[in-house]
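Thanks for coming. I will talk through a few salt bridges and two helix packings, and then take comments.

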Amino acid sequence: MPNRLKPDVPTTLRLAYAAPAFALAVVGIPIYVYIPKFYTDVVGVHIGILGAIVLGLRLFDAVTDPLIGYISDRTRSRFGRRRPYIATGAVVLALSIVFLFNPPAGSATFETAWFGIWVFCVFLFWTLVEVPYESLGPEITFSYHERIALFGWRDGALIAGTLVAASSPALISALFGLSSSPADERFKFFMISALYAPMVVAFCGWCVFAIRERAREAAPVRSGTGFKQVLRNRPFVILLVSYTIAAFGSNLPATIILYYVEYVLHSNLADLFLALYFVTGIAFLPGWVALAKRTEKKTAWILSMAVNTGAFAGVFFLGPGDTWIYGILVFLSGIGFGATIAIPSAMQADVIDYDELITGERREGQYIGLWSITKKLAAALGVGIALSLLGMAGYEPKVPQTEGVVWMLRVLYAAVPSLCNIAAIGIALAYPIDSRAHEAIRAATMERKNGLVVEDPLYPGRSLP
């Protein structure tokens, strides 16, 4: 583990910290993109009921995410605050993935119950791993610019894992010569679970064994600095609201893409377009990291959202036969994709430093818990609202869709996400922490720990005794 003030994180630690993000990507793309269509079109769960289940469970995360963060902040063990939860959570998460991806044949009621039980377990144990894991990141380095690289590695691994997860169904189908029959679809998801469940355990184990938490950081926080104080952290609230709106918009296309490509474009190349989007995001991410270091994180983040939105808005106007135009727009939109994920993570670590200045505590778990809620809620709303609206519009699987369904797909897939990004950009303009402000925050924190009265760098004239 690097020294607290050392700016450079060794590559071996970057890799070890990034590894779980790669494996955890399987919980994202398959569940939000492939599992809904698998359970509706193959297993036989009603699309409206499935959307309601996912939305309800994500609302349950509003309790578990901050609770796990709160508990991990206060955990005292010889293994640290975060690592015990990452290690144990990875094992039960892997088991839950196996059960969710391999439903036994049964009645529609049985299949619905099976889906509800195991998707609940996946979400719960995902939280048990994800919140402590992400809380570990801001503790690794306190360098403003080094965090851009560290979280760039982590979120780059997340995108790479998402790419592999998105490509897995097509690759497995090609490798084993599978058709679209129900039996072959079930075999495909069995193979995905057989690949990813062990990977979750192995990669989380690598992180746990490679990264050692410092005893000084493992001390529990004091009582009286709860979530109300977190919500008084104005830079965090600005970042959280902007990111949540953008995340909701970005999760709609993730949920709808299989339906949009098949029923609006009349194409069977959805897997190829997903791969193109993620490859582009990975390829351009180092450039965004360099830009953020040269300018500011906020500047690079806003620009990435603008690029992402500017290209994607045109998708609304496409129709049957516009496959190649769609591919070009997907590529252009993907240029900004990686930065919209990685840069806010580095900004989040900076607002946690500001909280330490105000409260005198390191409360990564509480902040990551709230952040995790917004990510999951945005994804759940994307699935729940999109699938419910499609059901209300008259969606029926495996048949040509009505004009009402096609219009709803265009709105949900392109129009709403573009408007969300525009709103997120407007809010992000108010974010106040840049490199100079962060340097002043870290200096003031050290002075305050030495018993000095300091001035709040973000609010001149406000003294912090």
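Are D353 and R147 buried or exposed? Before I answer, note that this is a predicted model. Both D353 and R147 are buried. They form a salt bridge, with the closest N and O atoms 2.6 Å apart. D353 belongs to helix 13, residues 337–359, and R147 to helix 6, so this pair ties together parts that lie 206 residues apart in sequence.

That is one bridge from a longer list: the structure holds 23 salt bridges. I will show two others.

The next one also involves helix 6. R14 forms a salt bridge with E146, and here the closest N and O atoms are 2.7 Å apart. R14 sits in helix 1, residues 11–24, while E146 sits in helix 6, residues 144–176, so the bridge ties together parts 132 residues apart in sequence. What are the relative accessible areas of the two partners? For R14 the value is 14%, which counts as buried because the cut-off is under 20%. E146 is buried as well, at 6%.

The last bridge is a local one. D41 pairs with K37, the closest N and O atoms being 3.1 Å apart. Why are D41 and K37 separated by about one helical turn? Because they are 4 residues apart in helix 2, which covers residues 29–43. Both of these residues, D41 and K37, are buried.

Now to the packing of helices, beginning with the pair that R14 and E146 connect. The axes of helix 1 and helix 6 come within 8 Å and cross at roughly 40°. Helix 1 and helix 6 are therefore oblique to each other, since an angle has to be under 35 degrees to count as roughly parallel. Their crossing is right-handed.

Which residues of helix 1 meet helix 6? They are T11, R14, L15, Y17, A18, A21 and F22. On the helix 6 side, the residues in this contact include E146, A149, L150, F151, W153 and R154, and further along A157, L158, A160, G161 and V164. So both partners of the bridge, R14 and E146, appear in the contact list. By class, the contact of helix 1 with helix 6 has 13 nonpolar, 2 polar and 3 charged residues.

A brief remark on what comes just ahead of helix 1. P10 is found in the segment before that helix. P10 is partly exposed, with a relative accessible area of 38%. Its C-alpha atom is separated by 39 Å from that of A174, and the two residues are 164 apart along the chain.

The second packing involves helix 13, where D353 is located. Helix 11, residues 297–312, packs with helix 13 at an angle of about 155°, and the axes are 9 Å apart. That makes helix 11 roughly antiparallel to helix 13, because the cut-off for that class is over 145 degrees. The crossing of helix 11 and helix 13 is left-handed.

From helix 11, the residues in contact are K297, K298, A300, W301, S304, M305 and N308. From helix 13 they are F337, A339, T340, I343, P344, A346, M347 and D350. Sorted by class, the contact of helix 11 with helix 13 has 9 nonpolar, 3 polar and 3 charged residues.

That is what I have. Comments, please.

Technical notes: Residues numbered from 1 in each chain as written. Predicted model: local features only at pLDDT ≥ 70, side-chain atom pairs only at ≥ 80, totals over all residues. Heavy atoms only, no water. Salt bridge = Lys/Arg side-chain N within 4 Å of Asp/Glu carboxyl O. Helix = DSSP H or I, 4+ residues; strand = E, 2+ residues; numbered from the N terminus. Buried < 20%, exposed > 50% of the residue type's maximum accessible area, 1.4 Å probe, protein only. Axes fitted to C-alpha atoms, helices over the stretch in contact; angles between N-to-C directions. Parallel < 35°, antiparallel > 145°, perpendicular 65-115°, else oblique. Left-handed = near helix turned anticlockwise from the far one by under 90°. Contact = heavy atoms within 4.5 Å. Nonpolar A, V, L, I, M, F, W, Y, C, P; charged D, E, K, R; others polar.
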